[in-house]
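Let's practise reading a protein model together. Have a look at the picture first, then try each exercise before you read its solution.

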Amino acid sequence: MHVLIKDTCQGCGTCEAAVPTIFQVNDEGTAVALTDLVPTDLEQAVRGAAYECPTESISISE
Amino acid sequence: MDRLVVVGASLAGLRAVESARRIGFTGEIVLVGDEDRLPYDRPPLSKAALAAESGEDIPPLRAESVLRDDLGVTLTLGSPATALDVVDQVVHAGGERIRYSAAVLATGCRTRTLPAVASHPAVHVLRTADDAFALRKALDGAGTLAVVGAGFIGSEVASVARARGIDVTIVESSGAPLAHAVGAGPGALLTKLHEQNGTRVLLDSTVATVTERGAGAGLVLTDGRVVDADVIVLAIGVVPNIEWLTSSGLDLGDGILCGADLGVGVKGVAAAGDVCNWPDHRWGRRFRMEHWTNAAEQGAHAARTALRLDVAEPFSTMPYFWSEWYGVKIQQVGRVDCDEHLVVGDHESNRYVVLYGHGGTLLGALTVGRPGETMKLRRLIEQRVDWAEAVAFARSRTISAGTTGLPSS
């Protein structure tokens, strides 16, 4: 699974709260994915974070 | 009959619908909403939706085809709920009687108003998409704006209006804006942001009436001063929509008084979102919250409580909201109604965090212009770290931000 943050991100950080090892908000107020390829054991959590994102800014491709 | 009726077609209501399907509910779902509009997101209404270049509509949270076909929802929109009969298990809405076997009550809040001025054509409120469209249109031709209320919504409106080159005055009744939201000291620091960006803030000022004033209006204060304004926005908070439940026998107060699992004390019925008042075991007190993440989480939880009659899971949330004024991100996490707080960082350049503690434990944080800190502090709050450790962490992060050459404003 690959993950990408779209430029609609507002940096609210719900993704970092859910999966801090994958997502982190920088001080410019944008979330970044710390890795492009999501480890298998975190795929479910990353799907959850994408669902919970208030601005639907997490793009997932399998 | 197997039918879930979700009353309130906003974020909490949508999440209730999706949660019901996720746990395998195969019965009918009816989504009842008072606005004639598919569920949509409210945070942009006081931000992007007011910008000059904003479009004429806001996208729904889910397309109608997704709601109807994928989620199997019967949409009953433009139908305000008028009563709940918990004996016959009926929701009355828009003149219809809708029977239910389970129900989620998510009727939200409406804007508080000032009867003395509300009917004047220059006066606006902001809660719904229609409110936002009307306000944006009014701002298109405006040179001056008066905002009544220095809370988060009023402050966001002021910020957008300044970006549009409009002259803005905020009229605030208290001497300590945002005191209940972030504490008096941090509230005063935030209010400085307005002044730095050319917005006048009149504290200890209450509104008497509105008079005609050339092409615009004059906002007359009780001390006799007059604020000229082409547009006036009342942003003095919201009240929960509970009147429709008066005859239901449910326990009502500041919202619907729920149990720990969000159940309302009647079989198969739970509440969610801005209207829900519940005891949160993690924090040891009742809350009624007007936060996006809370509405989303509660909608999902309330559906589970309403549908799973034998399992009563307590609901708990980490309070969290975000705002943006004049390009500065403001986020608050955890609790701020604490004995002590400490500002760490540079409040002159609007890059700081405020830690909130009680009994030597970190319970909450406010970040201003430091969005990268918010979720790291949230983890410390979850871990209930002691105050000294939290302060040391915040200070170390402030130093590292200073030495990595990040811009200071």
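Below are four exercises with worked solutions.

This is a predicted model, in which local features need pLDDT of at least 70 and side-chain atom pairs count only at pLDDT 80 or more, while totals for chains, interfaces and linings use all residues. Residues are numbered from 1 along each chain as its sequence is written, chains are lettered from A and ligands numbered from 1 in the order in which they are written, and side-chain values use heavy atoms, leaving out hydrogens and water.

**Exercise 1.** Work out the strand order of the open sheet of three strands in chain B, and say which strands stand at its edges.

*Solution.* Start with two terms. Strands (E, at least two residues) and helices (H or I, at least four) are DSSP runs numbered from the N terminus, and two strands pair if DSSP finds at least two bridges between them. Next, read the order: β13-β14-β15 of chain B, with antiparallel pairing. β13 (207-213) and β15 (226-229) of chain B each have a single partner strand, so one side of each has no neighbour in the sheet. Finally, check one pair: β13(B) joins β14 (residues 216-221) of chain B over six bridges, and there Val207(B) stands opposite Leu221(B).

**Exercise 2.** Do the same for the open sheet of five strands in chain B, then find a helix that packs on this sheet.

*Solution.* The order is β9-β16-β10-β11-β12 of chain B, and the pairing is parallel. At the edges stand β9 (123-124) and β12 (200-202) of chain B; each has a single partner strand, so one side of each lacks a neighbour. Inside the sheet, β10 (residues 144-148) and β16 (residues 231-234) of chain B share four bridges, with Val148(B) opposite Leu234(B). The helix is α3 (residues 129-140) of chain B, which touches β9, β10 and β16 of chain B (contact means heavy atoms within 4.5 Å).

**Exercise 3.** Describe where chain B meets chain A.

*Solution.* First, count residues: chain B gives 25 and chain A gives 19. Second, find the area. The size of an interface is often given as the accessible area lost when the parts come together. Here about 1700 Å² is buried (accessible area, 1.4 Å probe, summed over both parts), with 47% from carbon and sulfur atoms. On the side of chain B, Arg15(B), Lys329(B) and Met375(B) lose the most area, together 25% of what that side buries. Third, look for charged pairs: six salt bridges (a side-chain nitrogen of Lys or Arg within 4 Å of a carboxyl oxygen of Asp or Glu) cross the interface. One of them joins Asp27(A) and Arg370(B) at 2.8 Å, N to O. Among the elements of chain B, α8(B) gives the most to this side, with four residues.

**Exercise 4.** Why does the salt bridge between Lys47(B) and Glu156(B) tie together parts that are far along the chain, 109 residues apart in sequence?

*Solution.* The closest N and O atoms of Lys47(B) and Glu156(B) are 3.3 Å apart. Lys47(B) lies in the loop between β2 (28-32) and α2 (64-70) of chain B, whereas Glu156(B) lies in helix α4 (residues 152-163) of chain B, so the pair links parts 109 residues apart in sequence. Over all chains, the whole structure holds 31 salt bridges.

Note on methods: Buried area is the accessible area (1.4 Å probe) that two parts lose on being put together, summed over both. Axes are lines fitted to C-alpha atoms, for helices over the stretch in contact, and angles run from 0 to 180 degrees between N-to-C directions.
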